[in-house]
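Me: I would like a close look at a single part of the protein shown here, with enough of its surroundings to place it.
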Amino acid sequence: MKKIEAIIKPFKMDDVREALADVGIAGMTVTEVKGFGRQKGHTELYRGAEYQVDFLPKIKIDIIIDDERVEQAVEAIEQAARTGKIGDGKIFVYNVESALRIRTGETNEDAL
């Protein structure tokens, strides 16, 4: 099993969700996060005063899937989230040692 963690621009969330649904992935956890990388934030104007916004709003998507579907899921996220501009995000893939569905006691792939 693998965990895919994707950090994307907020306005791309619906596109990514649809792309994942198209490849048969429906379950995910979505979190609103803030951060920056090379994008480094930007300046904004508020009541005539300029100020620096260091942490930009992003969406973090977590998906746990079986090993055979990882490449397909990563490709779907990559294509749906890409704008071609700085700040499009990142995708990380981690190994998952075990999983347990609390309600039924099912483990590993059966728990997914």
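How far is Asn 108 exposed, in terms of its relative accessible area?

Reply: In this model, which is predicted, Asn 108 has a relative accessible area of 27%, and it is therefore partly exposed, since that class lies between the limits of under 20% for buried and over 50% for exposed. Along the chain, Asn 108 belongs to the segment after β6 (89–95). Its backbone also deserves attention, for Asn 108 is not a glycine and yet has a positive phi of about 50°. Most residues other than glycine have a negative phi.

The numbering then leads on to Glu 109 and Asp 110, which gather with Asp 67 and Glu 68 in a patch of negative charge on the surface. Of these, Asp 67 is placed in the loop between β5 (56–65) and α2 (70–81), and Asp 67 is partly exposed because its relative accessible area is 41%, a value between the 20% and 50% limits.

As for the setting, the protein has 2 helices and 6 strands, and these elements follow one another from the N terminus in the order β-α-β-β-β-β-α-β. Among its 112 residues, 30% count as buried, while the exposed area of the protein comes to about 7,700 Å², of which carbon and sulfur atoms supply 48%. When contacts with a separation of 6 or more are considered, 70% of them are between residues 24 or more positions apart.

Technical notes:
Residues are numbered from 1 along each chain as its sequence is written. This is a predicted model: local features need pLDDT of at least 70, side-chain atom pairs count only at pLDDT 80 or more; totals for chains, interfaces and linings use all residues. Side-chain values use heavy atoms; hydrogens and water are left out. Patches are made of residues with over 30% relative accessible area and no salt bridge: like charges are joined within 9 Å, nonpolar side chains (Val, Leu, Ile, Met, Phe, Trp, Tyr) within 5 Å. Accessible areas come from the Shrake-Rupley method with a 1.4 Å probe; for residues, only the protein chains shown count as cover. A salt bridge is a side-chain nitrogen of Lys or Arg within 4 Å of a carboxyl oxygen of Asp or Glu. Lys and Arg count as positive and Asp and Glu as negative; His and the chain ends are not counted. The place of a charge is taken as NZ of Lys, CZ of Arg, CG of Asp or CD of Glu. Helices (H or I, at least four residues) and strands (E, at least two) are DSSP runs, numbered from the N terminus. Buried means under 20% relative accessible area, exposed over 50%, partly exposed in between (1.4 Å probe, protein chains only). Contact means heavy atoms within 4.5 Å.
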